[in-house]
Amino acid sequence: MATILDLGTDTTNLDIFAYNTGDGQFLRTAQSFSFSDIPTITGAEGNIKCTGAGTGPEITVRIETDNANKPSGTLAHANLTATIAGFADQTFAWKTVTFTTTTLSSGIKYWLVFKATTESGTPTPAYWIAGASSALAGHAYSEYNVGGSGAWSTVAAQDAAIRISGSLLGAVKDYAFFL
């Protein structure tokens, strides 16, 4: 299927933690999106790199529903979760997941969330997601997540470098970025 959302990449614009701070405080990254017509989702990508020595852990990628303009923690559909294998690449590259084809509702805000599959311990390698080159402004947020708790909070006006694939009759309506 085709790419139905592509925010582009600007690796000099903003590098954002997508895994952990190295001291046990875990960060999650999320980018919101909605469509004016009914989207059928088949996959997603993030432009991510690893920092530090060794291979980082697996990354869970999921599409969640919205709760008061923040990710809810609830899957939009059971099919919309997949895993990126751990990697050690220290150069930004598009990391892709494939979802079982799922149709979402139009006009509804959803969140593409990136998080470590295991959020415990203090692993050294961390992941960063590139900032978007899109001229459409959004909002950046960060969740410091110690032991699975924490709250989303604004860190900068920036979007994440993501792509969503599938099919769509309408156009992108709105988006914002959370970290």
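Author: A helix is a DSSP run of H or I with at least four residues, and a strand is a run of E with at least two; both are numbered from the N terminus. The model discussed here is predicted.

Reader: How many helices and how many strands are there in the protein chain?

Author: The protein chain has zero helices and 15 strands. No run of H or I therefore reaches the required four residues. Of the contacts with a separation of 6 or more, 81% join residues 24 or more positions apart.

Reader: How do you know where the predictor's confidence is lowest and where it is highest in the protein chain?

Author: The pLDDT, which runs from 0 to 100, gives the predictor's confidence in each residue. Its mean is lowest in strand β11 (residues 140-145), at 47, and highest in strand β7 (residues 81-84), at 96. For the protein chain the mean is 77, and 68% of the residues reach 70 or more. Residues 135-142 have a pLDDT under 50, with 38 contacts beyond four places in sequence in the model. A further stretch, residues 144-148, is also below 50, and the model gives it 18 contacts beyond near neighbours in sequence.

Reader: Why is T40 called buried?

Author: The term requires a relative accessible area under 20%. T40 has 16%, so T40 is buried. This residue lies in strand β4. Apart from residues up to four places away in sequence, T40 touches I4, T101, T102, T103, S165, G166 and S167.

Reader: What makes the pairing of the T40 and T103 side chains a polar contact?

Author: The limit for such a pair of N or O atoms is 3.5 Å. The T40 and T103 side chains are joined at 3.3 Å, so the distance falls within that limit.

Reader: T51 is found in strand β4 too; what class of exposure does T51 have, and why?

Author: T51 has 23% relative accessibility and therefore counts as partly exposed, since that class lies between 20% and 50%. The C-alpha atoms of T51 and T91 are 8.9 Å apart, although 40 residues separate the two along the chain.

Reader: Which residues touch the most other members of the largest nonpolar core?

Author: They are I63, F99, L112 and I162, in a core of 28 residues. The element that gives the most to this core is strand β4 (residues 39-51), with four residues. In soluble globular proteins, nonpolar side chains tend to be buried together. Across the protein chain of 179 residues, 47% are buried.

Reader: With which residues is I162 in contact, beyond its neighbours within four places in sequence?

Author: The partners of I162 include L112, F114 and W94, and also E45 and D6.

Reader: How do you know that E45 and R163 form a salt bridge?

Author: The cut-off between the side-chain nitrogen and the carboxyl oxygen is 4 Å. For E45 and R163 the N to O distance is 3.6 Å, so the pair qualifies. This bridge links distant parts of the chain, with E45 in strand β4 and R163 in strand β13 (residues 162-168), 118 residues apart. E45 is buried, at 16% relative accessible area, whereas R163 is partly exposed, at 22%.

Reader: How many salt bridges does the structure hold, and what distance supports the one between R62 and E64?

Author: The structure holds four salt bridges. In the bridge of R62 with E64, the closest N and O atoms are 2.8 Å apart, so the 4 Å condition is met. Both partners count as buried because the values of 14% for R62 and 4% for E64 are under 20%.

Reader: What can be said of K95 and D89?

Author: K95 and D89 form a salt bridge with closest N and O atoms 2.8 Å apart. K95 is buried at 14% relative accessibility, while D89 is partly exposed at 39%. Elsewhere, salt bridges that share partners join D6, E45 and R163 into one network.

Reader: What is notable about phi at A68 and N69?

Author: Most residues other than glycine have a negative phi. In A68, phi is near 55 degrees, a positive value, and in N69 it is near 65 degrees, also positive. A68 lies in the loop between β5 (59-66) and β6 (71-75), and N69 is found in the loop between β5 and β6.

Reader: Why do A68 and N69 fall into separate classes of exposure?

Author: A68 has 63% relative accessibility, which is over 50%, so it is exposed. N69 has 45%, which lies between 20% and 50%, so it is partly exposed.

Technical notes
Residues are numbered from 1 along each chain as its sequence is written. This is a predicted model: local features need pLDDT of at least 70, side-chain atom pairs count only at pLDDT 80 or more; totals for chains, interfaces and linings use all residues. Side-chain values use heavy atoms; hydrogens and water are left out. A nonpolar core is a set of buried Ala, Val, Leu, Ile, Met, Phe, Trp, Tyr and Cys residues joined through side-chain atoms within 4.5 Å. Buried means under 20% relative accessible area, exposed over 50%, partly exposed in between (1.4 Å probe, protein chains only). Contact means heavy atoms within 4.5 Å. A polar contact is a pair of N or O atoms within 3.5 Å; within protein, one must be able to donate a hydrogen and the other to accept it, and residues adjacent in sequence count only if both atoms are side-chain atoms.
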